Amino acid sequence: MSYSDLETTDNGFLVNQDDWTEDVAAEIAADDGIPELTDKHWDLINFLRDEFLNNNGNQPNERKMVKAMSAAWGEKISTKELYDLFPKQPSTQATKIAGLPETRRKGGY
């Protein structure tokens, strides 16, 4: 099933998380201005999915994302690197591509 066939919120977030697949993620990303998902994109997407699905619906803020990706990539990164990957705000855009519910909190800290 294609992203355009799936039920979404007014902001394009999937209503049913079970509809999410990697192909759907790639479609959401392309629709949102990210033509290709690299390994680093997938690292953050998978981190967000793992936190939400296996940690009581946790939706990490950008500071926690920076810490987790610094550890995963073996280098100290800044929020800028996350914005290079997800220019429309990592905590929103990556969450959307990950097929998770829209976060109610504001951005980074």
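**Close-up 1. Leu6 and its contacts in the predicted model.** Leu6 touches Met1, Leu14, Asp19 and Val24, leaving aside residues up to four places away in sequence. Leu6 sits in the segment before α1. Its relative accessible area is 10%, so Leu6 is buried. One of its partners, Val24, is 18 residues away in sequence. From C-alpha to C-alpha, Leu6 and Val24 are 9.4 Å apart in space.

**Close-up 2. Helix α2 and its buried residues.** Helix α2 runs over residues 39-54. It has 16 residues. From the first C-alpha to the last, α2 reaches 21 Å. That is close to the 22 Å expected at 1.5 Å a residue. The buried residues of α2 are His41, Trp42, Leu44, Ile45, Phe47, Leu48, Arg49, Glu51 and Phe52. They pack against four helices: α1 (22-31), α3, α4 (79-85) and α5 (90-97). Two of these packings, with α3 and with α5, are shown in the next views.

**Close-up 3. The packing of α2 against α3.** Helix α3 covers residues 62-73. The two helices pack at an angle of about 125 degrees. Their axes are 11 Å apart. At that angle α2 is oblique to α3, because the roughly perpendicular range ends at 115 degrees and the roughly antiparallel one starts over 145. The crossing of α2 and α3 is right-handed. On the α2 side, the contact is made by Lys40, Asp43, Leu44, Phe47 and Leu48. On the α3 side, Lys64, Met65, Ala68, Met69 and Trp73 take part. By class, the residues of this contact divide into 7 nonpolar, no polar and 3 charged.

**Close-up 4. The packing of α2 against α5.** Here the angle is about 80 degrees. The axes of α2 and α5 are 9 Å apart. The two helices are therefore roughly perpendicular to each other. Leu44, Ile45 and Leu48 of α2 make the contact with Ala94, Thr95 and Ile97 of α5. By class, this contact has 5 nonpolar residues, 1 polar and no charged. Leu44 and Leu48 also belong to the α2 contact with α3. Leu44, Ile45 and Leu48 are among the buried residues of α2.

**Close-up 5. Asn56, in the loop between α2 and α3.** Asn56 follows α2. Its phi is near 55 degrees, a positive value in a residue other than glycine. Is Asn56 buried or exposed? Asn56 has a relative accessibility of 80%, so it counts as exposed.

**Close-up 6. Gln89, in the loop between α4 and α5.** Gln89 has a positive phi, near 85 degrees, and is a residue other than glycine. The relative accessible area of Gln89 is 23%. Gln89 is therefore partly exposed, since buried residues fall under 20% and exposed ones lie over 50%.

**Close-up 7. Thr103, in the segment after α5.** Which residues does Thr103 touch? Leaving aside residues up to four places away in sequence, its contacts are Gln59 and Ser91. The relative accessible area of Thr103 is 13%, so Thr103 is buried.

Conventions:
Residues numbered from 1 in each chain as written. Predicted model: local features only at pLDDT ≥ 70, side-chain atom pairs only at ≥ 80, totals over all residues. Heavy atoms only, no water. Axes fitted to C-alpha atoms, helices over the stretch in contact; angles between N-to-C directions. Parallel < 35°, antiparallel > 145°, perpendicular 65-115°, else oblique. Left-handed = near helix turned anticlockwise from the far one by under 90°. Contact = heavy atoms within 4.5 Å. Nonpolar A, V, L, I, M, F, W, Y, C, P; charged D, E, K, R; others polar. Expected span 1.5 Å × (residues − 1). Buried < 20%, exposed > 50% of the residue type's maximum accessible area, 1.4 Å probe, protein only.
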